[in-house]
Amino acid sequence: MEKLLQAAMESADSAEVFFTESEYSSLSTRNGIVTEVGTTMQSGYALRVLKGGKLGTAYTKNLLDRSDLVKNALSSLEGEVEAGFSFPEPAEVREMQKYSPSVESLGFPDLFDACRELLDFFRNRTEGQVDAGSAFGRSSSRIINSNGLDLSDRSSVFTGSAQVLFPNTESGIYETFSFRERKPFPKESLERQLSLYTRGLPEVDIQTGRMKVMFLPFSMYTLTWRLSAAASGRSFVKGTTPLLGKVGQKVLSENFTWYDDPLDPDSVGGATPFDDEGIPTKRTAIIVNGVFKTIFVNLDCASQLNLAPTGHGYRGGGMWGGNPIVNPPQPGLSAPGFAPGEASFDSMVEGMDRGIILFGVLGAHSGNIINGDFSVGMNPGLYVERGRIVGRVRDGMVAGNAWDVLNRVEAVQNGPYNPFGYFRYPCVLLDGVSVSARG
Amino acid sequence: MIGVGFREPAGASRLKQRELPMLEKLERFIAGFPADFADIRYEVEKETTIVFSGKDLKEVTASTTDGYVVRVLKGGGFATATVTRPEDVPRALGMALDGAETMVRAGGKKVRLAPVPVVHDTVKLDLKGDPRGKPLTEKIALTRSYNSFLGEQQNIATTTLTYSEVYRDKFYVNSEGTAVNEELLTTSISGEAVARKGDLLQNIRVAVGGADGWNRLAGRESLFVERAKIAGSLLDAEPVRGGTWNVILSPNLAGVFTHEAFGHFSEADIIEDNPSLRARMEIGEELGNSSVSIVADSTLPSQLGYYRYDDEGVAVRRVQLMKAGVLVGRLHSRATAAAFDEPVSGHAVAEDHRYEPIVRMGTIFIEPGRKSFEDLLRDLGNGLYLVDGKGGQTAGENFTFGAQYGFLVENGKLGGMIRDINIMRNLFTTLKSIVGVSDAFQLSERGGCGKGQTNIKSSLGGPHVLVTDMVVGGV
C-alpha cells in the first residue's frame with residue numbers, strides 16, 4: 001500500500017489508498033437438509049488522487065501492476081471532477097475489540113452444528129418448514145493517505161438465522177443473530193418467533209382502511225430508507241430533501257429519537273472506530289424527540305455544505321449495498337438505532353383494537369423514496385383484533401408517507417426487539433396508517 | 001477452517017514460470033483434483049462509470065477487477081468458493097472440497113449434475129459501435145448532454161445520470177473437458193429526474209442501453225426530454241386511491257409483473273427445496289388464463305439479456321415456460337435439471353467473478369396477443385392504466401411492483417394522471433386474472449434484478465396486459 005501511495009504521489013498533489021480483505025464461510029439448510037455450502041475470499045484496493053482541485057479514482061482486485069492502477073486514477077482526472085475537500089490528517093480513534101481469534105478454528109462442521117441447534121429448537125414444535133443458516137468470517141481494512149493517516153480495523157462475525165415458513169408459501173417468521181464468535185442462540189428470541197408464527201397461521205381477509213400499524217425491526221427499513229435519504233448530505237447538496245432548511249425544527253413525533261452509533265460494540269455489523277475516509281466516528285443524534293439535529297456527510301458533501309465531517313463516508317454502496325472497492329465513499333449510517341420507549345411488546349399488541357403487526361415487507365425500494373412515500377406488501381403482516389393476533393393478512397399492503405406517519409407514534413418498545421446485526425430498532429406503533437387488502 | 005489447503009497441483013507451479021492462455025491455466029488448476037467434478041471460472045471485468053449529480057460531474061472511474069470461482073462435487077456434496085488472488089485458488093479448491101465433504105457427512109442434499117455436451121468455444125463481441133475504443137471525454141460529453149436535456153425541463157429540481165460500461169471476459173473450464181471463453185458488454189445511461197413544487201418531490205426514471213454497444217446510446221435526446229416532462233406532470237397528479245382495481249399494465253410494467261410474479265417461480269432453485277410449492281408448480285398444471293403464454297429467451301440477438309453460454313458452460317436456449325395458461329417449462333442449472341429430471345436450459349448465471357452461478361431468467365416476456373391497446377381500454381371500462389416499472393420484489397408466491405405513473409380510466413377513456421402506485425398480489429391467483437393481451441411488444445434496455453446477486457442483464461418486457469382485481473396500496 002505504501003508503494004502504491006508513493007507511486008501515486010509522483011504525479012498527484014495528494015492521495016489515499018483503501019484496502020479491504022474478507023473471508024466468509026456459510027452453510028444453509030432447507031427443510032432440515034443441508035443445501036448450500038460456500039466460501040468467499042475477496043480483497044481489493046481503491047485509490048483516490050487529488051490534483052489541481054480535481055478528483056481521480058481507480059480500483060482493482062488484484063494489484064498486479066501498481067503503475068496501471070495509478071495510471072487509471074490519473075486518467076480519470078480528465079473528467080475534471082471538482083473536489084472541494086482534502087484528505088484528513090491523522091486523528092485519535094477509539095480502540096474497539098471487534099475480533100475474536102476463535103473464528104480461525106471454526107469450520108463447516110461448526111456451521112452445521114449451529115444450524116442443528118436452531119432446527120432442534122423447532123423440532124416437534126411446529127409443522128412448518130424450518131430453514132436455518134449459519135456463517136462465520138473475518139474482515140480487515142486499512143486506509144492510508146499522503147497526510148500520514150494510517151488506520152486499520154479488523155473484525156470477526158458469527159451469524160445464525162432461522163425462518164419458519166407458512167404452509168404452501170415462501171413467507172414466514174424469521175430471526176437472525178450476530179455475534180463476534182460462536183455463541184448459543186438465545187432461546188427467548190426463538191420462543192417469541194415460534195409464538196408469532198403460531199398465532200399467524202390462520203390466513204385472514206381484512207377490510208381496507210386506516211388503522212394502527214406496528215413496524216417490527218425487519219420491516220423498519222421501509223421507514224429508515226426514507227429518513228436516511230432525507231438526512232443525507234447528498235440530498236442537501238442536491239436540494240431534494242423534505243428536511244431542507246429544517247435543522248433544529250420539529251419534524252416528527254416527540255416520541256421518536258434516531259441516532260447512529262458506530263462505537264456501540266454490540267452492533268456486530270456496524271461498529272467501526274472510523275469511516276471509510278479515515279474520519280473518527282462518534283454517536284450522532286440525527287433526530288431527537290422529533291427535532292432534526294444533524295445532516296450526516298462524507299468529506300465531499302461536508303465541503304459542499306460547509307459543514308465539519310461527521311464520519312459518515314462509507315463505501316458500502318448506500319441502501320442497495322455493493323462492493324466497497326468499486327463504490328466511492330457516500331454519506332451513510334453504520335449502526336443506526338431508535339431510542340427505546342416504555343412499552344412492552346405485549347402491551348403494544350394489547351393496545352391495538354384493530355391493526356397490523358408488520359413483520360416483513362415487499363417492495364420497500366419502489367416507492368417515491370425522496371418524498372418519503374412508501375407502499376409495501378405485507379410479508380407477512382399479522383392482523384390484530386381487540387388486542388389479540390388472529391392470523392396473517394392475505395394480499396395486504398401498508399402505505400403512507402414516513403414524515404406523516406412518524407408524527408403519529410403511539411408507542412415505542414422498551415428495548416430493541418432484535419439487533420439484526422447492524423440496527424438497534426425497537427418496535428414502533430403508529431396510528432392511522434393506510435392499509436389496503438382484498439376484503 | 002481458515003487455513004485449510006489443498007496441495008498445489010503440479011501445473012500450478014509451472015504457471016509461475018511462463019504465461020499460458022487463460023483456459024489452459026484454468027485446466028491446470030483443476031487437473032487431477034480429487035473430486036467427482038470440479039469447475040473453475042475466471043473473469044476480468046472492466047468497468048467505466050461516469051456520474052452526474054445535478055449539473056456536477058461527481059465521478060469518473062475506469063477500472064479493472066478480476067477473480068475466480070471454483071465449485072466441487074464429491075459424493076453428492078456440492079460446494080463453492082470465490083477468490084481474488086490466483087495463488088489462493090488451490091486453497092479455495094481445498095475449502096470447496098471440505099465443504100462438499102461436510103455436506104455429505106451432514107446428510108445433506110445429494111446433488112447431481114445433469115449431463116451436458118462437452119463444449120470448446122470462444123464467443124467474441126458482436127457490437128454496433130464499440131464504446132471501449134471511444135475516449136472518456138466523448139462518453140462524458142454524451143452523458144452531460146442527456147443530463148442537460150433532463151435538467152432543462154420545467155419544474156425539474158435536480159437530476160442523477162450515470163454512464164455505465166461493463167465489459168466481462170469470462171473463461172470457464174470443467175473437469176469434463178468443457179472450455180469456453182465468452183465476452184459480454186453491457187452499457188447504459190440511466191438515472192432520474194426529480195421535479196419539485198413546494199414540499200412535493202416527484203421522480204421519474206430514464207434508461208437507454210443494452211448489450212450491443214455504443215450506437216444504441218447515441219441519438220436518444222427526445223427520450224430524456226419526454227421523461228423529464230413526465231416528472232414535471234407528476235407534480236399535478238393525484239395519489240392513487242388504495243383498494244382493489246382492474247388495471248392495464250404497459251409493456252414495461254407487464255414485464256416487471258412477469259419477472260416478479262411468475263419468472264422467479266420458474267427458476268427451479270426457488271422452489272426446489274420447498275416441497276409444497278414444488279407440488280403446485282408441476283409441469284402440465286394450468287396456472288394461468290388461456291390468453292397467457294410466457295417465454296424466457298436470452299438467445300434474442302442485440303437484446304440486453306443476450307448471452308451464448310451460461311456460467312456452467314451450457315448453451316442457453318429459448319424456453320417456453322407457459323403456453324395458453326399451462327406450465328410447460330422451467331429454467332435450470334445443471335443441478336436443478338437433474339433434481340427435477342428436466343432438460344437443462346443454460347440459465348445458471350453469476351453476477352460476476354465474486355459469485356457462484358444461480359438460476360436466472362434472463363430475457364422474459366409474455367408473448368403478444370391480437371388485441372390493440374384501444375381494445376384493452378374498452379374491455380377495461382373503468383380502472384387504471386399503469387405505466388413503467390419502479391422496481392419489484394417477490395417472496396415465494398407473493399410479489400409487489402411499483403408503477404412510475406398511471407392514469408385513471410373511465411368508460412374506456414384515459415383520464416387524469418395518478419402517482420404513488422404499488423401493487424401486491426399472489427402468483428397463483430393473478431395468472432388466472434390476466435384477461436387480455438395486446439399486440440404490442442417492447443423489451444427493457446436496462447436491468448438490475450437483485451436475487452442475491454445483481455443481474456444487470458436482466459431483461460423484461462412484453463405487450464400491454466389487462467389484469468383484474470389487483471390490490472393497489474395508495475398513500
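Tutor: Angles between helix axes under 35 degrees count as roughly parallel, over 145 as roughly antiparallel, 65 to 115 as roughly perpendicular and the rest as oblique. This is a predicted model, in which local features need pLDDT of at least 70 and side-chain atom pairs pLDDT 80 or more, while totals for chains, interfaces and linings use all residues. Residues are numbered from 1 along each chain as written, chains are lettered from A and ligands numbered from 1 in written order, and side-chain values use heavy atoms, without hydrogens and water.

Student: Which term describes how α3(A) and α4(A) lie to each other?

Tutor: The axes (lines fitted to C-alpha atoms over the stretch in contact, angles running from 0 to 180 degrees between N-to-C directions) of α3(A), residues 108-122, and α4(A), residues 187-199, come within 11 Å and cross at roughly 50 degrees. The two helices (DSSP runs of H or I, at least four residues) are therefore oblique.

Student: Which residues of α4(A) does α3(A) meet?

Tutor: Contact means heavy atoms within 4.5 Å. From α3(A), A:E117, A:L118, A:F121 and A:F122 meet A:K187, A:L190, A:E191, A:Q193 and A:L194.

Student: Is A:L305 buried, partly exposed or exposed?

Tutor: A:L305 lies in helix α7 (residues 299-305) of chain A. Outside four places in sequence, its contacts are A:G233, A:F236, A:V237, A:I295 and A:V297. Buried means under 20% relative accessible area, exposed over 50%, partly exposed in between (1.4 Å probe, protein chains only). At 26%, A:L305 is therefore partly exposed.

Student: How far apart in space are A:L305 and A:V237?

Tutor: In sequence, 68 residues separate A:L305 and A:V237. Their C-alpha to C-alpha distance is 6.7 Å.
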